[in-house]
Amino acid sequence: LNERSNLSLKFSNIFFLYGEEKMSKIIAKKIVSERLNKEIKTTKELVKIIESAVGAKYFNKNHPERQIFQAIRIEVNGELDVLKKVLPDAISLLNKNGRISVITFHSLEDRIVKQLFKKESEVDELVKGLPVIPEQYQPKLKLINKKPILPSEEELKENTRSRSAKLRIVERIWQ
């Protein structure tokens with residue numbers, strides 16, 4: 001029983017954190033319960049379990065299976081950890097006036113990109129307000145667009161999957 005609740009809690013945290021799914025606890029409990037009876041071998045089986053956990057009305061309105069599959073993918077691939085590691089490395093490889101463009105597809109990715117770009121484009125708090133700011137405390141980057149660039153109406157018509165895309169661009173301002 002304790003192992004089941006630990007597993008359920010782990011799944012629930014993954015579904016809530018990476019999938020931002022409100023019904024994560026109910027879905028996690030149902031998945032753990034179903035796995036006791038039978039191995040889940042297909043995505044269709046998992047979708048049916050998710051639907052039975054939340055009910056048809058919620059399922060058809062909110063499509064929680066999308067959030068659950070996203071959460072599983074992010075967890076299995078370590079996508080956010082990779083982004084947190086790769087982005088600073090990419091910035092360090094930029095030449096002066098070089099640019100990085102990043103397209104994100106969900107809020108978790110976008111938050112990481114936005115916060116890093118903001119941090120690297122501001123003067124260090126320690127020296128803010130000094131008449132002359134030493135080079136090592138000056139921002140490395142300049143934001144090319146303060147707000148993310150979103151898909152146009154025309155682009156959305158051509159590619160509905162672009163609806164969640166956000167483009168952020170920065171430029172290296174000193175070596």
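In this predicted model, the buried residues of helix α1 are S8, F11, S12, I14, F15, Y18 and G19. Viewed down the axis of α1, these residues fall within an arc of 165°, so they line one face of the helix. An α-helix has 3.6 residues a turn, so residues three or four places apart point the same way. On the face of α1 turned away from the buried side are the exposed residues N2, K10 and F16. The buried residues of α1 pack against four helices: α2 (24–37), α5 (64–77), α6 (79–93) and α7 (107–120). Helix α1 itself runs over residues 2–19, and its 18 residues reach 25 Å from the first C-alpha to the last, close to the 26 Å expected at 1.5 Å a residue.

Helix α2 can be described in the same terms. Its buried residues are S24, I27, A28, I31 and V32. They cover an arc of only 130° around the axis, which puts them on the same side of α2. The face turned away from that buried side carries the exposed residues K25, K29, L36 and N37. The buried residues of α2 are covered by elements including α1, α3 (43–54) and α5. The 14 residues of α2 should span 20 Å at 1.5 Å a residue, and the end C-alpha atoms are 20 Å apart, which agrees.

Two helix pairs illustrate the packing further on in the chain. Two packed helices are described by the angle between their axes and the distance between the axes. For α5 and α6, the angle is about 55° and the axes are 6 Å apart. That angle makes α5 oblique to α6. The residues that meet here are R73, I74 and N77 in α5 and E79, L80 and V82 in α6.

The axes of α6 and α7 come within 10 Å and cross at roughly 25°. An angle under 35 degrees counts as roughly parallel, so α6 is roughly parallel to α7. The crossing of these two helices is right-handed. From α6, the contact is made by E79, L80, L83, K84, L87, P88 and I91, and from α7 by L108, E109, I112, V113, L116 and F117.

Attention now turns to single residues in loops. Most residues other than glycine have a negative phi, and most peptide bonds are trans. E20, which follows α1, has a positive phi near 50° although the residue is not glycine. H63 likewise has a positive phi, near 50°, in a residue other than glycine. The table places these two residues and S162 in their loops and gives the relative accessibility of each.

| Residue | Loop | Relative accessibility | Class |
|---|---|---|---|
| E20 | between α1 and α2 | 41% | partly exposed |
| H63 | between α4 (56–62) and α5 | 25% | partly exposed |
| S162 | between α8 (153–158) and β3 (166–172) | 6% | buried |

Buried means under 20% relative accessible area, and S162, at 6%, therefore counts as buried. Leaving aside neighbours within four places in sequence, which residues is S162 in contact with? They are P151, E155 and L156.

Technical notes. Residues are numbered from 1 along each chain as its sequence is written. This is a predicted model: local features need pLDDT of at least 70, side-chain atom pairs count only at pLDDT 80 or more; totals for chains, interfaces and linings use all residues. Side-chain values use heavy atoms; hydrogens and water are left out. The expected span of a helix is 1.5 Å times one less than its number of residues. Buried means under 20% relative accessible area, exposed over 50%, partly exposed in between (1.4 Å probe, protein chains only). The arc is that of the directions from the helix axis to the C-beta atoms. Contact means heavy atoms within 4.5 Å. Axes are lines fitted to C-alpha atoms, for helices over the stretch in contact, and angles run from 0 to 180 degrees between N-to-C directions. Angles under 35 degrees count as roughly parallel, over 145 as roughly antiparallel, 65 to 115 as roughly perpendicular and the rest as oblique. A crossing is left-handed if the near helix is turned anticlockwise from the far one by less than a right angle, and right-handed if clockwise.
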